[in-house]
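User: I would like to learn how to read side-chain contacts and strand pairing in a model. Please take one feature at a time.

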Amino acid sequence: ARLEMRRRCTWRIFQSIEYACEQDQIKLHNFFSYLMDHFTPSSSKERDFISRMFISGESFKEAELEKYCDYESLEVPDSYTGPRLSFPLLPDHATALLEAFKQKQQLHARYLLNLLHETRKHLKQLPNISHVSTCYSEEITVCGDLHGQLDDLFLIFYKNGLPSPSKSYVFNGDFVDRGKQSLEILIVLFTFLLIYPKEVHLNRGNHEDHMVNLRYGFTKEVMQKYKVHGKKILKMIQNVFCWLPLATLIDQKVLIIHGGISDTTDLDMLEKIQRNKFVSVLRGKKRKESNRNVEIQELNGESKVEADPAGNEAAPSLSLQPRPAQAPSMANRLEFSKWVRQTVQEQIEWCRRLVDISESEPEDELFQLFQILDILWSDPIPQEGCRVNTVRGGGCYFGPDVTGKILEKHNLQFLIRSHECKQEGYEFCHNRKVLTIFSASNYYEIGSNRGAYVKLGPDLIPHFVQYQANKTAHTLTMTQRISRVEESAFRALREKLFAHTSALISAFKAYDKDNTGRITLSNWATAVESVLHLGLPWRMLRPQLVRSTADGMLEYKSWLDDLAMEQRSQEHIQSSLLEVIYRNRSNLETIFRIIDKDHSGLISFEEFHQTWKLFSSHMNIELTDDGINDLVRSIDFNKDGNIDFNEFLEAFRLVKHSPLLECPCCRFKLFSKHGTTSA
């Protein structure tokens, strides 16, 4: 019983920290979207640059993309000893790729771009919801999240067999990020998709989104493996991701989606959505909402006037609210009734223009967006109803009543989803009407969880296969496994606590009215949750984090000093500075990659110059072009004409007394007016 309690606590720590990071990603996206919404470029050049920087995913037209990612122009040198592809692909190509990846070989960029080109061409022909039948195959195997863990995919194929005319697979999204071999997984899956297009089916997950990839490692992986052609490869992958189907339906009875559903999920609507419009569901959401903020200004009579590149004032983007004609006398009821109808119709048309709805487009793009957002990001809960998923920051929580209504509406037996790591690799909920399948074993730590896949025959009865892809996990006893995972979880939690030292001190002082430096352990637990918002049972976790005291009081400054000592033993940096680095490194990396638009690993002076203008417009800081140039040169420590991430991080480290990056509050400062670095 004690082992089980430890196991559950460890699990909650990992999941809480993981979901908090997802919240940070969405808040960071919202922060940049806010800056974009309030930035007025002073020239067409600035407008084009910023547009390319933050809205580049949709900017390539068909012909432009083909020309930009021209694989035929790349030559494969005679010295290349890796796998080679020719199209149409054959089963031998797939087996050769598997063997090459086991030997840590890399596919040449020409073949990879060619593969992406053919994959995109195939995906464009597919419907939003793939329809699969068990009539043509003995059984269908459904796999969940793989997250770049190639060993798990190898093990699935070893146990279950390779895709073939008699072995159908559905891979339910989240192929990439977190793991180190996301690209290899994509190559293998795309190869089998092209060889067996009727037997291999791929659903989009929430990580098949380039804005998410910026934070969770896939963008970095591609650029490290393909330093010369990585930018082209990423651009093609972005486009391939947005063409992935959104769901799979087996025998019209079992719905497979990555995340879940909401009370507004409509399969008929999902079938009709132009899915490739949503390159990133995160970015689309904020952009549309921000448009509505402008529209609200229009509703309030605050007509927005922008300057055109020539400096002339442009007309307001939307006309002012129409003023009704003089009302006729109520004595003439027919004329008065006609006037009312005409006036109401004019008001309706005006409102439609504001919210970008026309009679020919009854389904709002925002509604379409949330249809996709919900199926990619949502999670089931045991409680009834449907509410916003505040833990992840996107999608919904849906209860058993919502599941029942959707199943009944579409005449389904049950739904299969992924999106959540489960300790046994799978889990039923909602009276066995919702099945979660997760295929990445050892997701948090070696021994933390099994991976699993599920097989469905014509009877649609699920049969599960569980596994551990790591050999070390097999040698550990249950106690050893739990202890190892627990140690990793508490190490991550202590890092999280240390990263919020300043906020914790303020929270502790609120309970220490007499400035004794001591608070009760109960108040410690309350204060910690008020700062971290992780929803953890702090009183239960306290023995692992705080030394027991005879009088039940905690000397909180001493406790925080111990946390700092533990972190300083790993990195030789001043503790107050190390705190902000721990708290903000992930956000800083994401910001760096967003500014580094060409994914070269370097921020050019032009990229920095234009981005600084974006930030300064938000912070109301006026800085001349010469001032910005002086600023960027001061960060370029090695004077090579570019800023790498170490220089970017070093600039952030230099200031320890200024307000620090807090994305949720949009309080991001890189540098002060006078050129001294701050954050």
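Analyst: The turns below go through salt bridges, aromatic pairs, charges over rings, a sheet and a record annotation. Keep in mind that this is a predicted model.

User: Let us begin with charged side chains. How many salt bridges does the count come to?

Analyst: Side chains of opposite charge can pair when their charged atoms come close. Here the count comes to 20 salt bridges. One of them joins the side chains of Glu486 and Arg6, at 2.9 Å from N to O.

User: Which parts does the pair of Glu486 and Arg6 tie together?

Analyst: Glu486 belongs to helix α17 (residues 478–499) and Arg6 to helix α1 (residues 2–37), so the salt bridge ties together parts that are 480 residues apart in sequence. The two ends also differ in burial class: Glu486 is buried, at a relative accessible area of 9%, whereas Arg6 is partly exposed, at 27%.

User: What about Lys422: with which residue does it form a salt bridge at 3.1 Å?

Analyst: That partner is Glu427, with 3.1 Å between the closest N and O atoms. Lys422 is buried, with 11% relative accessibility, while Glu427 is partly exposed, with 37%. Salt bridges with shared partners join Asp379, Arg392, Arg417, Glu420, Lys422 and Glu427 into one network. Within it, Lys422 also forms a salt bridge with Glu420, where the closest N and O atoms are 3.8 Å apart. Are both of these residues buried or exposed? Glu420 and Lys422 are both buried.

User: Now the aromatic rings. How many aromatic pairs does a search of the whole structure find?

Analyst: The search finds 16 aromatic pairs. Reading a pair takes two values, a centre distance and an angle between planes. Trp11 and Tyr444 are 5.3 Å apart centre to centre, with 80° between the planes, and the pair is edge-to-face. It links distant parts of the chain, 433 residues apart: Trp11 sits in helix α1 and Tyr444 in the loop between β12 (434–437) and β13 (451–456). Trp11 is buried at 12% relative accessible area, and Tyr444 is buried at 16%.

User: Why is the pair of Tyr80 and Tyr111 called tilted?

Analyst: Planes under 30 degrees apart count as stacked and over 60 as edge-to-face, with the rest tilted. The planes of Tyr80 and Tyr111 are at 45°, with ring centres 6.1 Å apart, so this pair is tilted. Tyr80 lies in the loop between α3 (62–68) and α4 (91–102), and Tyr111 in helix α5 (residues 109–123), 31 residues apart. Both rings belong to buried residues: Tyr80 has 13% relative accessibility and Tyr111 has 9%.

User: Which residues form one aromatic cluster?

Analyst: The cluster consists of Trp11, Phe14, Phe438, Tyr443 and Tyr444. It therefore contains the Trp11 and Tyr444 pair discussed above.

User: Rings can also face a charge. Which residue lies over the face of Phe428?

Analyst: Arg432 does, at 3.9 Å from the ring centre of Phe428. Elsewhere, Lys102 is placed over the face of Phe154, at 5.3 Å from that ring centre.

User: Turning to the backbone, what is the order of strands in the open sheet?

Analyst: The open sheet has 5 strands in the order β4-β3-β2-β13-β14, and its pairing is mixed. β4 (200–202) and β14 are the edge strands, each with a single partner strand, so one side of each has no neighbour in the sheet. On average, and with direction ignored, neighbouring strands are turned by 20° against each other.

User: How many bridges join β2 to β13?

Analyst: Strand β2 (residues 140–143) and β13 run antiparallel and are joined by 4 bridges. To locate the register, take Thr141, whose bridge partner in β13 is Lys455. On the other pairing, β13 and strand β14 (residues 462–467) are antiparallel over 6 bridges, with Leu456 opposite Pro462 of β14. The hairpin of β13 and β14 has 5 residues between the strands, and Leu460 takes a positive phi near 60° there.

User: Finally, where does UniProt place the feature "domain: EF-hand"?

Analyst: The unreviewed UniProt entry places it at residues 499–534, 583–618 and 623–658. In the model, residues 499–534 are 67% helix and 8% strand, and the end C-alpha atoms of this span lie 14 Å apart.

Note on methods. Residues numbered from 1 in each chain as written. Predicted model: local features only at pLDDT ≥ 70, side-chain atom pairs only at ≥ 80, totals over all residues. Heavy atoms only, no water. Salt bridge = Lys/Arg side-chain N within 4 Å of Asp/Glu carboxyl O. Helix = DSSP H or I, 4+ residues; strand = E, 2+ residues; numbered from the N terminus. Buried < 20%, exposed > 50% of the residue type's maximum accessible area, 1.4 Å probe, protein only. Phe/Tyr/Trp six-rings, centres within 6.5 Å; stacked < 30°, edge-to-face > 60°. Lys NZ or Arg CZ within 6 Å of the ring centre and 35° of its normal. Pairing = 2+ DSSP bridges. UniProt positions renumbered as here; feature names shortened; annotations may be inferred. Axes fitted to C-alpha atoms, helices over the stretch in contact; angles between N-to-C directions.
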